[in-house]
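Here's a walk through one pair of chains, from how they meet to a few residues worth a look. Have the viewer open as you read.

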Amino acid sequence: MAASPTTIGIEGLRSPAKRRYWAALRGAPLIPIAILSVVVFCGIFGNFIAPHDPEAPDPLLRLQPPAWEADGDWTYPLGTDPVGRDMLSRLIVGSQVSLLIGVTVVLIAGTIGTVLALLSGYFRGFADAVISRITDAFISMPFLVIAVAFAGIVGPSLNHLILILGLLSWAGYARILRGEVLRVCQQDFILLAQITGVPAWRIMLRHVFPNIANTLIVLATLQLGITIIASASLDFLGLGIPPPRPAWGGMLAEGRIYMRTAWWVVTVPGVAIALTVMSTNLLGDWLRVKLDPKNRGM
Amino acid sequence: MARYVVSRVLQAIIVVWIVTTLVFVLVRLTPGDAAQVLAGPSAPQEEIDALRKELGLDQSLGSQYVDYMSRVVRGDFRDSLRFHESAMGLMLDRFPNTLKLAGIALVISVGLGGLIGVGSAIHPGGLVDRGGKFFAILGQSMPTFWIGLLGILIFAVKLGWLPAAGPGDWKHYILPSATLGWFSMAAMVRLTRSAMLDVLESDSVKFLRIKGLREREIIFKHALRNASIPILTLAGLQFVAFLSGSVIIETIFGWPGSGRLMVESVTARDYTVVQAGTFFISIVLVLVNLVIDLTYGFIDPRIRFG
């Protein structure tokens, strides 16, 4: 006899929470997660595990090749940069800046985007019209050009970089989440909450937000990679993190003119950026499929 | 249709207005005295005062804004602080170079990306599909400026096939436009693939197969045409992204376009050119977006009457 829906439901309730927890991780992209864990570890403990001082130049050790090259030395596994600083140490400590910028920018932009999406999707009408127009305007702006102009005028610094990128990148969240909020608000439980007299802010926070959180997580993961590339681009143009603090984009810019004789100065930081961004992209893609309600139970 | 056009045009005007206001706020954001910053750190006090008067910085913020907007409408952003020529004129002089690069990048992205996308859709999971996916993820994960540097390292420094930088004959276009195009190709491959897959599974294609049409004819004559609307939209969006990305590419390849002029002006604190550039690139972008929206509405009746 075929199992009735009720028995399946009871089976589902009985299954141990622990197993469900692990099942959720099945098929997770392990390599990207491993790479991101290394980046996060380096970002947090970089100052303790870096073998050399990442900011102390040594004119006698300029442009040492990596260890496996003919003149290489294991003291400097990835060679040294044009002013004689250890590439590996700068790479490790440089992940701090990428991580810090990536996470804070995503937090700022995600918060602004979510709040605006909740307001426009919940209240609709005039608020929605105004917020949507502003969102459209921000989406169709030449992001990089305006970021360059802003960074150039307010002067390069970590805080400015975070503010500029955060204030310019919220629009994507707002547009996509607004659609989600509209969808959620059409459901009966929202109407019931309104009838019961639950205040609007509470409905938005307790009932709407948890239902759009999945989309927010996917967006934030994908946006992390874009933010890391954008901040590296500004570093590269000399409009990001001021030297001597190591940042991956800045390392590329410093090594650029020595490219003909020393390939590693432009290759090593680029590989770090590419691997990190690729990992966030793959993780985001996996999350998108995983968190999509349509694929639940598959 | 008229309603749709009017709402799109209004939207475009709002975007331009917000950008121009941002550009206005931009200079007021400068820490300290704007005139001091504009004149440069070593300027004598008289020069700063003269500049403040000339720029109208001694007036109220409101009247400054009115004056600024009335000049923007005429396309006047004052003279470049560096070259003492019209700031907007400088931008316009350099723009054709940027346009050429973006045009070629678009051909690469749409042509090559579209071809790989079609190939992936014909045999999902096949060699082209898997190879194309890898290529696409790679292109999407690497910052454009790094692809550019690697391109110079490999093709100019190691192999010596292509020139490293600067304008010149057709060889000079290859590296910068390929660099610009690769990043966007990824999205093009994905979109073409999914659009083609949708169409190839549709009843109309099944009917054409039953009818006995050759597969090549079905794919290129019928399926591709049906899949072309989203592809065209993405192509327009990418063109816009190329204009913004030119800021980086032109700096790496020493390309005399408007993107590099922007970066140079930012570094040289030539703010009138920065303002003109931000405004101009935004205008071009909004116009391209507007044209895309209108063609989209023209092609797809659901949008026109929706």
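Helix α12(A) and helix α6(B) sit oblique to each other, because their angle of about 120° is neither in the 65 to 115 degree range that counts as roughly perpendicular nor over 145, where roughly antiparallel begins. Keep in mind that this is a predicted model. The two helices cover residues 264-291 of chain A and residues 127-141 of chain B, and their axes are 8 Å apart. As for handedness, α12(A) and α6(B) make a right-handed crossing.

Which residues in α12(A) and α6(B) meet? On the α12(A) side you'll find Ala274(A), Val277(A), Met278(A) and Asn281(A), and these meet Ile137(B), Gln140(B) and Ser141(B) of α6(B). Sorted by class, the residues of this contact are four nonpolar, three polar and no charged.

Now the whole chain-to-chain contact. Here 36 residues of chain A are in contact with 41 residues of chain B. On the chain B side, at least two residues each come from α1 (2-28), α6, α7 (144-158), α10 (215-252), α11 (258-267) and α12 (271-299). That side of chain B has 30 nonpolar and 11 polar residues, and no charged ones.

On to the backbone. Two residues that aren't glycine have a positive phi: Arg124(A), at about 50°, and His84(B), near 55°. Here's how their surroundings look:

| Residue | Loop | C-beta neighbours within 10 Å | Exposure |
|---|---|---|---|
| Arg124(A) | between α4 (87-123) and α5 (125-139) of chain A | 14 | partly exposed |
| His84(B) | between α4 (61-73) and α5 (87-122) of chain B | 7 | exposed |

Why does His84(B) count as exposed? It has 7 C-beta neighbours inside 10 Å, and the label applies at 12 or fewer. Arg124(A) has 14, so it falls between that limit and the 20 needed for buried, and is therefore partly exposed.

Last stop: Ala174(A), which is in helix α8 (residues 171-185) of chain A. Is Ala174(A) buried or exposed? Ala174(A) is buried, because its 27 C-beta neighbours inside 10 Å meet the cut-off of 20 or more. Leaving out residues up to four places away in sequence, Ala174(A) touches Gly113(A), Leu116(A), Ala117(A) and Thr135(A). For a distance to try in your viewer, take Ala174(A) and Asp86(A): they are 88 residues apart along the chain, and their C-alpha atoms are separated by 42 Å.

Terms used
Residues are numbered from 1 along each chain as its sequence is written. Chains are lettered from A and ligands numbered from 1 in the order in which they are written. This is a predicted model: local features need pLDDT of at least 70, side-chain atom pairs count only at pLDDT 80 or more; totals for chains, interfaces and linings use all residues. Axes are lines fitted to C-alpha atoms, for helices over the stretch in contact, and angles run from 0 to 180 degrees between N-to-C directions. Helices (H or I, at least four residues) and strands (E, at least two) are DSSP runs, numbered from the N terminus. Angles under 35 degrees count as roughly parallel, over 145 as roughly antiparallel, 65 to 115 as roughly perpendicular and the rest as oblique. A crossing is left-handed if the near helix is turned anticlockwise from the far one by less than a right angle, and right-handed if clockwise. Two residues are in contact if their C-beta atoms, placed from the backbone, lie within 7 Å. Ala, Val, Leu, Ile, Met, Phe, Trp, Tyr, Cys and Pro count as nonpolar, Asp, Glu, Lys and Arg as charged, and the others, Gly among them, as polar.
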